[in-house]
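Biologist: I'm new to this one, so could you take me through a single part up close? I'd like to hear about the open sheet and what packs on it.

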Amino acid sequence: MHRVALPLIVAEKFAAASIKIPDDAIVVDEGRFRVFFPRSNAKLQGPIIAGLNKAEDLYAHAGLKLRGKLNCIVKGGAGRSYYWPGSSVMQINPKSLSAAYEHGHIVHEIAHWQHDKHVAGGFSNSEIKAKYKQAMAAPKSQGEQDAGKIKREYEAAKVELRRLQDEYTAPRVREGDEFQVVRPMGHGTGKALVRVLRVKKTVQVQILDPKPWDKPPYVMEVSGGVANRGAAEANPGIRAELNRLSEALQTAGKEEERLRSEAQKAKTQTWNTYDEVKSDWVPSVYSRENVMEWFAEIVTTTVLSPQLLIEEVKTWVKSVW
Ligand SMILES: [Zn+2]
């Protein structure tokens, strides 16, 4: 096991961004990239170096030359590829290199790095900010509008579900009502006991048949659900209402579940879609997040799918690069 001696300037950047490199990392420093591999990911050296070089080639092919040196930390698992603003450090999840993404994540993170460190003015570049503002003023595409509609339906379904849950558990007992909450005392004893199993939404009740261990003033709290079950025993009207609400709750729960997955799908689709340009200056829904994401997305599209962009966009990207 050996420690990697970092050049001082890099060590400072890592410290500033509180980025951790495993003690036993293997470092490969060549060309544009300095890559740190944990021992466990050592076998990924070949594909990752190749993937990074491929990304640089793609940039060059698009007429966007990379500048500077990027430190890359390879980190598998659930993490994602990520650029730390201000640091010249990128975390790479090896999944970013899978064919499915066509290097999209790495190209995107590299765009953040170049924007931050090698475009005039960095993240404060006013020309990029102004163009972003202009782009956001464009009307939304059909795909985005659809995703927005599904999301609103899902939000409404959640509200309805919560309303039904509240209605279902709202206490139906009022002062003066009489009911019993009965729990068997033990197997085959035939005896029963008044008890509270779990208190959530509570209602205060007066104990009308106090046991020797109950203390004055014989008041206790039961959950709305427990009180309602007791009240339903005595009142068929309440029982019918609770049954109706229970069914409505199930239906609303399923509908909420369906809309949740549909909204998630629509969001993922629109976020990841590069094959349907939203507007000439808005390459993906995700680019609406903020000016940094917008610029990274417009650069990524210029690099990976230039055929989707009008000449004006590509010319502009090159002019601010
Ligand atoms: Zn990003």
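Modeller: Sure, here is the sheet, strand by strand, and then its helices. Keep in mind that this is a predicted model, where local features need pLDDT of at least 70, side-chain atom pairs count only at pLDDT 80 or more, and totals for chains, interfaces and linings use all residues. Residues are numbered from 1 along each chain as its sequence is written.

The open sheet has five strands in the order S1-S2-S3-S5-S4, with mixed pairing. Strands here are DSSP runs of E with at least two residues, helices are runs of H or I with at least four, and both are numbered from the N terminus. Two strands pair if DSSP finds at least two bridges between them. At the edges sit S1 (26–30) and S4 (82–84), each pairing on one side only. On average, neighbouring strands are turned by 20 degrees against each other, direction ignored.

Further in, S2 (residues 33–37) and S3 (residues 70–74) run parallel and are joined by four bridges. Phenylalanine 33, for instance, has leucine 70 in S3 as its bridge partner.

Now the helices. H2 (residues 45–61) lies across S1, S2, S3 and S5 (89–92), running at about 155 degrees to S2. H3 (residues 104–117) packs on the sheet too, touching S3, S4 and S5, and its direction makes about 10 degrees with that of S4. Contact means C-beta atoms, placed from the backbone, within 7 Å; axes are lines fitted to C-alpha atoms, for helices over the stretch in contact, with angles from 0 to 180 degrees between N-to-C directions.

One last spot: serine 88, in the loop between S4 and S5, has a positive phi near 55 degrees, though it isn't glycine.

Definitions and conventions: Contact = placed C-beta atoms within 7 Å.
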